[in-house]
Amino acid sequence: MTAVKQHYQKELNPQQIRAVEAINGPVLIIAGAGSGKTRVITYRIAHMLGAGVPQSAILALTFTNKAAREMAERIRALLGKKLPNLIVSTFHAFGVRVLRSHIHRLGYRENFSIYDTSDQLSLLKETAREMKMPLENLDLYGTLTAFSRIKSGSAEWNEDTAQLRPLYDDYQSHMKLYNAVDFDDLIQIPIRILREHPDVLDEYRRRFQYMLVDEFQDTSRQQYDFMHLLGVEHQNVCVVGDDDQSIYSWRGADYKNLVQFENDFPGLCEIKLERNYRSSDTILAAANGVIAHNTNRKSKNLWTGTQGGSPIELAYPEDERAEAAFIAEKIKTLAMREQLKYHDVGVLIRTNNLARTLEEGFLAENIPYRMSGGESFFQRKEIKDMICYLRLCANPDDDVSLLRIMNTPRRGIGRKTLEQLQEYARSAGVSLFSAMHALSAASDSPLAARAQADLAEFTALIDTYRPKLLSGKRMAETVTALVAEIDYWSHLVSEHQKNDKVAKWKFRNIELFIDIMRAYESDPDNLDPGLFAFLNRITLQLRDDIEDDDDRGKINLMTIHAAKGLEHEVVFVAGVEDGVIPHARAIEEDEANIEEERRLFYVAITRAKRKLFLTSCRRRKVMREVIDCSPSPFLEEIPAELITVSEADTTVDQSEAADYFAMMRARFAKSS
DNA sequence: TAGGCCAAGATTTTC
DNA sequence: TCTTGGCCTA
């Protein structure tokens with residue numbers, strides 16, 4: 001018996017062992033919350049390797065970078081090996097990989113740019129402007145969503161969307177001209193390559209004899225197609241999921257994939273993991289009570305052997321600041337009385353904008369925290385500027401990047417000049433950068449001499465740095481020099497005249513960015529340290545995926561989406577109010593979304609191992625106005641006997657509040 | 001013609 | 001609150 005086998009046979013229950021050992025043929029693992037899924041997957045892969053499956057034959061796909069990284073780490077730790085040929089990655093990252101090797105088959109070049117939402121947005125605006133569509137009556141965000149649905153195959157053109165079609169076609173042809181792809185393309189284009197080029201399909205099928213898809217409930221139609229394409233021949237496909245934790249339908253996740261899987265892979269082996277090892281029975285009962293209100297679930301009976309958890313505490317703080325104070329104070333108390341470690345605490349929120357007040361509260365109480373998810377470091381304005389410089393160097397046809405930086409810092413290239421450039425670019429069918437070259441050099445250029453000189457200076461800048469960056473050597477130093485040459489610091493200072501702290505902070509971010517770059521290019525385990533690989537990677541990653549310094553000693557603040565797959569001894573869910581969970585916008589969009597919102601709440605609850613706190617503010621500041629809030633309807637779905645309402649922060653009416661402040665003032669006066 | 005200033009509106013969640 | 005876009009001025 002192998003060492004791995006000895007290990008897991010002791011540690012796992014019979015269903016889990018089945019899930020580990022069923023490596024041939026299609027397998028569907030329904031893994032309830034806290035049922036030891038990650039452990040099973042880890043052992044499963046270890047077991048496969050132990051059974052003689054080469055690492056290069058395994059393709060494990062997950063949904064988030066965090067999950068991918070964690071899985072890879074766990075397997076490595078278990079086996080004590082590096083496993084350089086084992087691929088554990090997100091669908092999108094794997095898509096990039098396929099594109100890097102084969103995108104030329106569809107007429108793109110290998111130095112393609114990847115556009116994130118903000119790039120897409122700029123392109124969309126640009127396209128609309130060009131087509132003389134008034135921006136006011138165009139719902140940009142909604143349009144992008146519609147485009148995405150079309151691209152990812154979760155919707156067809158219909159009467160409602162038909163009017164967007166010319167815009168879409170133009171958007172697409174621009175993307176092609178710029179040699180750029182968006183997130184949907186990262187799946188869609190590989191699918192097209194595999195379908196249109198049997199030799200490529202064959203190559204991948206021969207290599208990846210075993211596939212594993214985690215968080216299967218979150219796969220979109222196109223991701224499913226991708227998986228199916230690669231796995232249908234050998235049928236060694238294992239998918240792991242839990243329909244109750246499907247929280248990404250807004251991104252195209254389609255629970256129908258489960259049914260589809262059962263059809264496409266007949267004779268599959270279905271394994272249910274229903275024993276919860278994570279949460280106390282109180283927490284589990286609350287979670288079950290909530291999720292039972294959803295229809296359309298695969299039947300499941302999650303149970304735990306643990307008895308007698310402490311009750312769930314519910315508090316009604318006055319407003320979001322009181323909420324932050326309440327949470328901070330509870331954490332301090334628990335840390336003191338029960339030796340709770342900060343890193344064992346998770347504070348979960350529905351939306352990122354709730355983070356700010358909480359962060360302030362933690363800062364005030366000196367509680368170290370880490371915010372994960374949220375705005376990516378790489379989305380920050382100053383970082384995005386740097387990235388666009390790099391992208392333009394990598395791919396000079398990338399007009400979106402060019403537009404962003406051509407006047408950042410100010411170079412005196414104004415509206416008129418730009419219009420002339422665009423006119424030229426359009427008629428010649430070339431990118432703006434080529435147009436710049438052409439018009440700045442031409443003697444019969446329609447541009448003013450001044451403008452010509454400005455353009456020439458800009459193109460010279462890019463042309464100088466391009467070869468240096470592409471050489472793949474000392475990129476970090478090159479970027480440092482670039483930042484100095486464009487004098488980005490002065491730009492920051494002039495942009496933030498009232499507030500030089502902000503300028504300093506932003507500059508510090510740029511230094512951090514350069515550090516990340518340096519770490520990337522000097523990592524000996526990195527097989528592809530060039531500029532393209534770096535750019536590709538950072539567009540797919542949140543900051544927090546890169547920071548792997550130890551986060552022990554910090555509490556974890558994150559959105560519920562980001563918390564999926566994680567667990568904490570103590571969990572706080574903040575903002576459990578109607579309109580927040582369930583989110584007003586989601587419900588507005590479609591009433592049926594209530595079920596997904598409920599699943600979200602379910603995911604939040606089931607992150608807790610020992611103790612769960614819920615807070616629901618009576619008032620909350622939204623944008624700039626204070627609104628009255630009512631508790632989330634989901635609270636009523638938790639069996640009442642499991643909840644105690646926290647005394648500390650029950651309603652304080654106005655007169656009492658006034659008294660309280662008077663008392664505090666008096667006390668303060670006395671002691672000073 | 002470029003850049004500064006002011007008013008209005010906004011992203012729910014992530015690759 | 002912060003960003004974006006439009007308008008006005010030099």
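**DNA surroundings and helix packing in the predicted model**

DNA strand C is surrounded by Lys125, Arg356 and Arg624. In this structure, which is a predicted model, one polar contact to that strand is formed by lysine 125, where an N or O atom of the side chain is 2.4 Å from a phosphate oxygen of DNA strand C.

DNA strand B is surrounded by 28 residues, and the closest of these are Arg251, Arg350, Asn352, Gly414 and Arg585. Of the atoms of DNA strand B that come within 4 Å of the protein, 60% belong to sugar and phosphate. The bases are also approached by side chains: a polar side-chain atom of arginine 251 lies 3.2 Å from a base oxygen of DNA strand B, and an N or O atom in the side chain of histidine 561 is 3.4 Å from a base oxygen of the strand. In the case of histidine 583, a polar side-chain atom lies 3.4 Å from a sugar or linking oxygen of DNA strand B. Two or more residues of the surface near this strand are given by each of two elements, helix H19 (415–428) and helix H28 (584–589), and H19 gives the most, with three residues. When the residues of this surface are divided by class, seven are nonpolar, 13 are polar and eight are charged.

The packing of helices can be considered next. Two packed helices are described by the angle between their axes and by the distance between those axes. For helix H2 (residues 14–21) and helix H3 (residues 37–50), the angle is about 40° and the axes are 8 Å apart, and H2 and H3 are therefore oblique to each other. The crossing in which H2 passes H3 is right-handed. On the side of H2 the contact is made by Gln16, Ala19, Val20 and Glu21, while H3 contributes Val40, Tyr43, Arg44 and His47. By class, the contact of H2 with H3 comprises four nonpolar, two polar and two charged residues.

A second pair consists of helix H5 (residues 91–102) and helix H12 (residues 221–231), whose axes cross at roughly 60° and come within 12 Å. This angle makes H5 oblique to H12, and H5 passes H12 in a left-handed crossing. The contact is made by Phe91, His92, Phe94 and Val98 of H5, together with Gln223, Phe226 and Leu230 of H12. The residues of the contact of H5 with H12 include five nonpolar and two polar ones, and no charged residue takes part.

Note on methods
Residues numbered from 1 in each chain as written. Chains lettered and ligands numbered in written order. Predicted model: local features only at pLDDT ≥ 70, side-chain atom pairs only at ≥ 80, totals over all residues. Heavy atoms only, no water. Near = heavy atom within 4 Å. Polar contact = N/O pair within 3.5 Å; in protein donor to acceptor, adjacent residues only side chain to side chain. Axes fitted to C-alpha atoms, helices over the stretch in contact; angles between N-to-C directions. Helix = DSSP H or I, 4+ residues; strand = E, 2+ residues; numbered from the N terminus. Parallel < 35°, antiparallel > 145°, perpendicular 65-115°, else oblique. Left-handed = near helix turned anticlockwise from the far one by under 90°. Contact = heavy atoms within 4.5 Å. Nonpolar A, V, L, I, M, F, W, Y, C, P; charged D, E, K, R; others polar.
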